[in-house]
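Me: Hi! I have a protein open on my screen and would love some help reading it. Can we go through it together?

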Amino acid sequence: MPRTGLLIVNTGEGKGKTTAALGLAFRALGHGLRVCMIQFIKGPWNYGEQKAAQRFGDLLEIHTLGGGFTWDSANLAEDTRLAREAWDFAKQTIAEARHDLLILDELTYLIEYRMIAEGEVLEALRSRSPGMHVVITGRNVSQGLLHAADLVTEMQSVKHPFDFGVKAQRGIEY
Ligand code: ATP
Ligand code: MG
């Protein structure tokens, strides 16, 4: 079967990588497509989308599985273990082929910090069902993923409220 599912990468330093992926999810849900988002980094800013997901029933799943990426060496082994566990779940989700759109949110950091090998990610993506669209978000995307992608958008920061001391706003940051 010819591949119709796109590999989409949202990268860059500016805000909008994860929210653009959620925008695609919203659009896909409008067509009744089945969507899964796996969040590889746990942060206090995830809550809005997790609550919204409940309103879409079985069509939208959001799994927040990773650790907090504390960068505290005492927790590095634990962060790595959680990252591997999350990646195993992602591989299983890809193999099950139950979704039309799969979002791997902040996956790039797991590759950057060598918690998982890029080759392993590329292999899993190659083996996915031909119709499955995949979105990967995160800064510092690796060369192999860039090469494999069909669509790459780099978010560029022009201004950000944090630069002016504005605190995180509900519904905007989380
Ligand atoms: P969002 O989830 O809002 O789309 P993102 O996925 O593009 O953001 P991440 O790298 O995942 O960005 O970081 C998430 C947090 O970092 C958000 O709180 C976001 O507002 C903040 N952030 C993103 N860009 C900047 C920037 N240029 N300056 C300061 N903070 C930023
Ligand atoms: Mg993000």
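Reply: Sure! One term to begin with: a polar contact is a pair of N or O atoms within 3.5 Å. Keep in mind that this is a predicted model.

Me: OK, so how far is a nitrogen atom of ligand 1 from an N or O atom in the side chain of S157?
Reply: That distance is 3.0 Å, so the pair falls within the 3.5 Å cut-off. Oxygen atoms of ligand 1 have partners too: one is 2.4 Å from an N or O atom in the side chain of K15, and one is 2.8 Å from such an atom in the side chain of T18.

Me: How much of ligand 1 does the protein bury?
Reply: Taken alone, ligand 1 exposes 590 Å², and the protein buries 84% of that. There are 14 residues around ligand 1, with K15, K17, T19, E106 and E173 the closest.

Me: And what coordinates the magnesium ion?
Reply: T18, through OG1, and E106, through OE, coordinate the magnesium ion (ligand 2) at 2.1 Å. T18 sits in helix α1 and E106 in the loop between β4 and α4, so the pair ties together parts that are 88 residues apart in sequence.

Me: Are those two buried or exposed?
Reply: Both T18 and E106 are buried.

Me: New topic! Which residues have the most contacts inside the largest nonpolar core?
Reply: Those are F40, L104, L107 and I136, in a core of 27 residues. Helix α3 gives the most to this core, with 5 residues.

Me: What does L107 touch, apart from its close sequence neighbours?
Reply: L107 is in contact with F40, W87, I116, V121, I136 and T137.

Terms used. Residues numbered from 1 in each chain as written. Chains lettered and ligands numbered in written order. Predicted model: local features only at pLDDT ≥ 70, side-chain atom pairs only at ≥ 80, totals over all residues. Heavy atoms only, no water. Core = buried A, V, L, I, M, F, W, Y, C linked by side-chain atoms within 4.5 Å. Buried < 20%, exposed > 50% of the residue type's maximum accessible area, 1.4 Å probe, protein only. Helix = DSSP H or I, 4+ residues; strand = E, 2+ residues; numbered from the N terminus. Contact = heavy atoms within 4.5 Å. Donors = N, O, S within 2.8 Å, 3.2 Å for Na, K, Ca; no water. Near = heavy atom within 4 Å. Polar contact = N/O pair within 3.5 Å; in protein donor to acceptor, adjacent residues only side chain to side chain. Areas by Shrake-Rupley, 256 points an atom, 1.4 Å probe, with all protein chains shown as cover. Lists of a residue's contacts leave out its neighbours within four places in sequence.
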